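Student: Could you take me closely through a single part of this model, and then through what else can be said with care?

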Amino acid sequence: MKTTSNISNLLIISIITLFLACSTDNESDDNTISPITCQNPDSAVYEEKDGLVVVEFESIQNHNDWVKENSTTGFLGTHYLVWKGNQFLNAPGNGLLTYKIKITNPGTYRFIWRSRVTNGTSGSEHNDSWLRFADASGFYGKKGESIVYPADTGQSPTPNGSSKDGWFKIYKSGPADQWKWQSSTSDNDGHDIFVEFDTPGTYTMEVSARSSFHALDRFVIFSENITQNDAIDETIVLSETICD
Ligand SMILES: [Ca+2]
């Protein structure tokens with residue numbers, strides 16, 4: 001009996017601990033929501049709400065050799081992530097960041113990140129990283145009527161410049177010393193990035209290192225009923241995290 005009782009107590013304590021770990025209300029007075037710490041870092045999921053996903057890059061628990069910094073001013077949230085390792089100009093998948101996104105409103109969404117160059121004065125160096133949505137129904141670049149698909153997915157055409165294994169090289173243009181909302185693919189022919197989610201479910205967004213000193217601050221994924229200006233509004237409420 002005593003052993004059974006001890007086991008019961010342990011079970012209850014475990015359940016309460018799990019409940020607290022997953023249900024803590026971290027919303028503060030401003031627009032930020034502190035990231036929930038899931039016992040299994042891979043179980044954190046960002047929830048789409050009303051066609052919008054807004055995530056601080058630094059909110060991920062496992063940032064896999066990206067440096068979490070706050071020394072370059074003008075970032076949003078508490079930090080940004082910057083890659084200071086080797087460059088992987090034609091080798092996506094290194095320094096992998098994985099963000100799980102729970103979609104409840106299927107449809108076509110646009111993707112934009114806020115990033116900047118943190119080394120030197122050239123706006124066209126240290127200005128890109130890799131992006132992939134491998135399990136989405138569609139992932140492509142669009143400029144007017146022109147559509148490009150990531151390489152090695154059996155689709156064509158593919159973008160100018162680097163693309164490999166379903167990954168797009170995503171770059172920003174403009175001055176080096178400014179944070180900017182821009183995600184373009186196809187060199188010298190910038191196409192905007194779109195993702196299609198045909199059914200409700202949890203999808204995986206992956207980012208990996210390409211150019212050193214490219215810093216990632218925040219990303220948004222937004223449906224066609226939301227304007228870009230509304231999506232990138234810096235006072236917008238961040239997506240909630242759950243431990244799935
Ligand atoms: Ca940030």
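Tutor: Before strand 5 can be described, a term is needed: helices (H or I, at least four residues) and strands (E, at least two) are DSSP runs, numbered from the N terminus. This is a predicted model, in which local features need pLDDT of at least 70 and side-chain atom pairs count only at pLDDT 80 or more, while totals for chains, interfaces and linings use all residues. Residues are numbered from 1 along each chain as its sequence is written, and side-chain values use heavy atoms, with hydrogens and water left out.

Strand 5, which runs over residues 97-103, has a covered face made of L97, Y99, I101 and I103, whereas T98, K100 and K102 make up its uncovered face. Two strands count as paired if DSSP finds at least two bridges between them. With strand 1 (residues 44-47), strand 5 pairs in the parallel sense over 3 bridges, and there K100 of strand 5 has V45 opposite. With strand 15 (residues 201-208), strand 5 pairs in the antiparallel sense over 7 bridges, and here T98 stands opposite E206 of strand 15.

Turning to the calcium ion, donors are N, O and S atoms within 2.8 Å of the metal (3.2 Å for Na, K and Ca), and water is not among the atoms, so sites may look incomplete. The protein donors, 2.2 to 2.7 Å from the ion, are E56 (OE), E58 (OE), E58 (OE), L76 (O), H79 (O), D217 (O) and D217 (OD). E58 lies in the loop between strand 2 (52-56) and strand 3 (67-69), and H79 in the loop between strand 3 and strand 4 (80-82), so the pair ties together parts that are 21 residues apart in sequence.

Methods. Buried < 20%, exposed > 50% of the residue type's maximum accessible area, 1.4 Å probe, protein only.
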